Amino acid sequence: MVEDEALCRAYLAISQDPIIGTNQTMANLWERIRLCFSSQADVDHNRTAVSLMKRWSKIQKAVSKFCGLLAQVERRQRSGTGEKEKMAEAKRMFSIEERNKSFMFESCWEILRHSCKWDEIMTPSQKPTVQTATSSNPSTGTPASLEYELDLDQQPSREGVNRPSGIKAALESRRKKVIDDVKFDQMAANQSQIINVLTGISSRGIEREQQKAADRQKKAEDREARLHYLAEKNEREQRKEDHIIMSMDMSNLTPTQRAYYEQRQQQIIARTGML
């Protein structure tokens, strides 16, 4: 729960930043998100960009579905219906569509609902509606409701009257929002492909590391077997030499030679425990 909320905050902070949110590769974007995520408290600082992308994909899918269901509820409900009742109905619909799975990302929804993307999904019923008057413009014959819906930038000004600057600003803001939403959707559409690519890279990296570990283990086993072989060989040669010394006929040896071999025999007895 805490990590999901941290991931949502990191995603919004990086993806909507006007400076670093564009003109960068998806890999760089998610590396920035990972750094932002890791800078927060009470999170696993060892999470990779790939794991965060996978988790975000799951959160995004669930929250988007819930937003759509809540929007449906708000359009159907009578005025005066409380927020709790709307939420409960949306959760019930979510559970039905997801085969009895509960909506587990309400705290993430609370964070994401205020972003441009989710704000647009959540508030269609709260946006100003256009009057549906059926009267026509006498000069053009166009119904008033349709004429209002047309982009005012595409209509010639009437009688030289300039459009108020507030409308121009609203239209420009709307165009920018549409562009941002298109970029957002493109980014979301590419996430699955990027996840698969990075997962493949990660899997190949894991396989390489596993192979390296297996090679190191094999070398260690070979080295141990070699040392064991040399130890047995040295032991056989030592026993052979000890046998020669212990079986030596000293009757023809000089006193000095006899003393030397008697000393060697005592050393062999002490070393081997012979009585």
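These legends describe close-up views of a predicted model.

**View 1. The whole chain is built from helices, with nine helices and zero strands.** From the N terminus on, the elements run α-α-α-α-α-α-α-α-α. The protein has 275 residues, and 25% of them are buried. Its accessible surface comes to about 19200 Å². Carbon and sulfur atoms account for 52% of that surface. Among contacts with a separation of 6 or more, 56% join residues 24 or more positions apart.

**View 2. The largest nonpolar core holds 35 residues.** Trp 30, Ile 59 and Val 63 have the most contacts inside this core. Five elements give two or more residues to it: H1 (2-15), H2 (26-38), H3 (49-76), H4 (83-97) and H5 (106-112). Helix H3 supplies the largest share, 12 residues. In soluble globular proteins, nonpolar side chains tend to be buried together.

**View 3. Ile 59 and its contacts beyond four places in sequence.** On one side of the numbering, Ile 59 touches Asp 4, Leu 7 and Cys 8. Ile 59 also meets Phe 105, Cys 108 and Leu 112.

**View 4. Tyr 11 and Trp 56 form a stacked aromatic pair.** The protein has six aromatic pairs. In the pair of Tyr 11 and Trp 56, the rings lie 4.0 Å centre to centre, with 20° between the planes. Tyr 11 sits in helix H1 and Trp 56 in helix H3, 45 residues apart. Tyr 11 is buried, at 0% relative accessibility. Trp 56 is buried too, also at 0%.

**View 5. Phe 66 and Phe 103 form another stacked pair.** Their ring centres are 4.1 Å apart and their planes meet at 5°, so the pair counts as stacked. Phe 66 lies in helix H3, while Phe 103 lies in the loop between H4 and H5. The pair therefore ties together parts that are 37 residues apart in sequence. Phe 66 is buried, with a relative accessible area of 0%. Phe 103 has 9% relative accessibility and counts as buried. Both rings belong to one aromatic cluster with Phe 94 and Trp 109.

**View 6. Ser 38 is a buried residue of helix H2.** The relative accessible area of Ser 38 is 15%, so this residue counts as buried under the 20% limit. Ser 38 touches Val 43 and His 45, not counting residues up to four places away in sequence.

**View 7. Leu 227, Tyr 229 and Leu 230 form a nonpolar patch on the surface.** Together they have about 280 Å² of accessible area. Tyr 229 is found in helix H8, residues 165-246. Tyr 229 is partly exposed, with a relative accessible area of 41%.

Key. Residues numbered from 1 in each chain as written. Predicted model: local features only at pLDDT ≥ 70, side-chain atom pairs only at ≥ 80, totals over all residues. Heavy atoms only, no water. Core = buried A, V, L, I, M, F, W, Y, C linked by side-chain atoms within 4.5 Å. Buried < 20%, exposed > 50% of the residue type's maximum accessible area, 1.4 Å probe, protein only. Helix = DSSP H or I, 4+ residues; strand = E, 2+ residues; numbered from the N terminus. Contact = heavy atoms within 4.5 Å. Patch = residues over 30% accessible without salt bridge, like charges linked within 9 Å, V, L, I, M, F, W, Y side chains within 5 Å. Areas by Shrake-Rupley, 256 points an atom, 1.4 Å probe, with all protein chains shown as cover. Salt bridge = Lys/Arg side-chain N within 4 Å of Asp/Glu carboxyl O. Phe/Tyr/Trp six-rings, centres within 6.5 Å; stacked < 30°, edge-to-face > 60°.
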